Structure formats: C-alpha cells, structure tokens
Amino acid sequence: MAVERTLSIIKPDAVEKQHIGAILALVERAGLSIKAMRMLHLTRPMAEGFYAVHKERPFFGELVEFMTRGPVVVSVLEGQDAIAKYRELMGATNPANAAEGTIRKLYAKDVGENAVHGSDGPDTAATEIRYFFPGYEV
Ligand code: CMP
C-alpha cells in the first residue's frame, strides 16, 4: 500500500441536487483527505480536453454536453491506496451495477449522469491533477 493522490470530480447532476456535502462526507469517512478543491463551470474546450481519450466514443457529445451544463467540484484526494479506494467508494460507472452504499448507488441516475469521476490509475491521476491544478504543490 502506498499513499497516493487521485482526482475527483463531483459532476453537474450531483451539484444540482445539492449532494456536494454528502459526497464529501463519504470521502472523508473513507479515510481520504481533501488536499485541494475548486468549484468551476467547465467550458466546452476544458471538458473536451479532459475527456479527449473518449472522443471517438458514441457518447462523447452527450458527455461534453452534460459536463458543461452546470458547475462541478474538482478535488485532489490523498490517502493509502487512494485511487482504488475512491473507485470502490464511487461504485460501478453504471449505477445499476453499483454496490450498496457507494456514491453512484446513492446519487447517480444512469451511466451518463453518474455523479462523480475518479482517476483510473496512477498515470491518469497525475495527468488529471495537473489538468485542474497546474500550479498545485503540497
Ligand atoms: P467517468 O468516470 O467520468 O469517465 C467517462 C465517462 O463517460 C463516464 O464516467 C460516464 O459519465 C460517461 N459514459 C461512459 N459510458 C457511457 C455511455 N454508455 N453513455 C453515456 N455516457 C457514458
């Protein structure tokens, strides 16, 4: 086990429904520390850049539309095994498959409007943290 950092996004659907506090409480209860945080409304170029890896997917347009429809809360989480721990806390991408007690089971509507994003590995985490916190140092 190593101390890691991961990038979390609380997406527009969860912000609209006023679930920011509940989600952050679950994060802290899971033993993850919030090391940096921003609330911002993504521009289309920022959302397209963040999800560039998905640009050939059929849902890309829908994803960018959704991610730009309202503010998001972006944070850097730190802790032992933070990347896997946060992915476990989020639950499956599709809330229909998410385990009880996970963020997506509790707060997501469907595979598109799925409440939260978390980095999927150490390289992605480093890239995603730099994307939103370019000057960030602990
Ligand atoms: P996220 O973890 O942010 O990474 C990529 C996102 O694409 C994913 O969460 C979903 O919000 C979205 N996504 C994945 N599959 C689909 C799909 N079939 N239809 C719509 N959106 C999707």
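By class, the shell around the ligand in this predicted model comprises 4 nonpolar, 4 polar and 3 charged residues. The residues that surround the ligand are Lys11, Tyr51, His54, Phe59, Glu62, Leu63, Arg104, Val111, Gly112, Asn114 and His117. Of these, Tyr51, Phe59, Leu63 and Val111 count as nonpolar, whereas Lys11, Glu62 and Arg104 count as charged. His54, Gly112, Asn114 and His117 belong to the polar class.

Polar contacts to oxygen atoms of the ligand involve residues of this shell, including Tyr51, Gly112 and His117. For Tyr51, a polar atom of the side chain lies 2.5 Å from a ligand oxygen. In His117, an N or O atom of the side chain is 2.9 Å from an oxygen atom of the ligand. Gly112 contributes a polar backbone atom, and the distance from this atom to a ligand oxygen is 3.3 Å. On its own, the ligand has 460 Å² of accessible area, of which the protein covers 80%. The ligand is located in the largest pocket.

The chain that forms this site contains 7 helices and 4 strands. Read from the N terminus, its elements follow the order β-α-α-β-α-α-β-α-α-β-α. The series thus opens with a strand and ends with a helix.

In overall dimensions, the C-alpha trace spans about 35 × 35 × 25 Å along its principal axes. The chain has a radius of gyration of 14 Å, which agrees with a compact globule, because a globule of 138 residues would have a value near 14 Å.

How values were computed. Residues are numbered from 1 along each chain as its sequence is written. This is a predicted model: local features need pLDDT of at least 70, side-chain atom pairs count only at pLDDT 80 or more; totals for chains, interfaces and linings use all residues. Side-chain values use heavy atoms; hydrogens and water are left out. A residue is near a molecule or strand if one of its heavy atoms lies within 4 Å of it. A polar contact is a pair of N or O atoms within 3.5 Å; within protein, one must be able to donate a hydrogen and the other to accept it, and residues adjacent in sequence count only if both atoms are side-chain atoms. Accessible areas come from the Shrake-Rupley method with a 1.4 Å probe; for residues, only the protein chains shown count as cover. On a 1 Å grid over the protein atoms alone, a cavity is a set of points where a 1.4 Å probe fits but cannot get out, and a pocket is an open set with protein on both sides within 12 Å along at least five of seven lines; lining residues have an atom within 4 Å of a point. A molecule sits in a cavity or pocket if more than half of its atoms lie within 2 Å of its grid points. Helices (H or I, at least four residues) and strands (E, at least two) are DSSP runs, numbered from the N terminus. The radius of gyration is taken over C-alpha atoms; the globule rule is 2.2 Å times the number of residues to the power 0.38.
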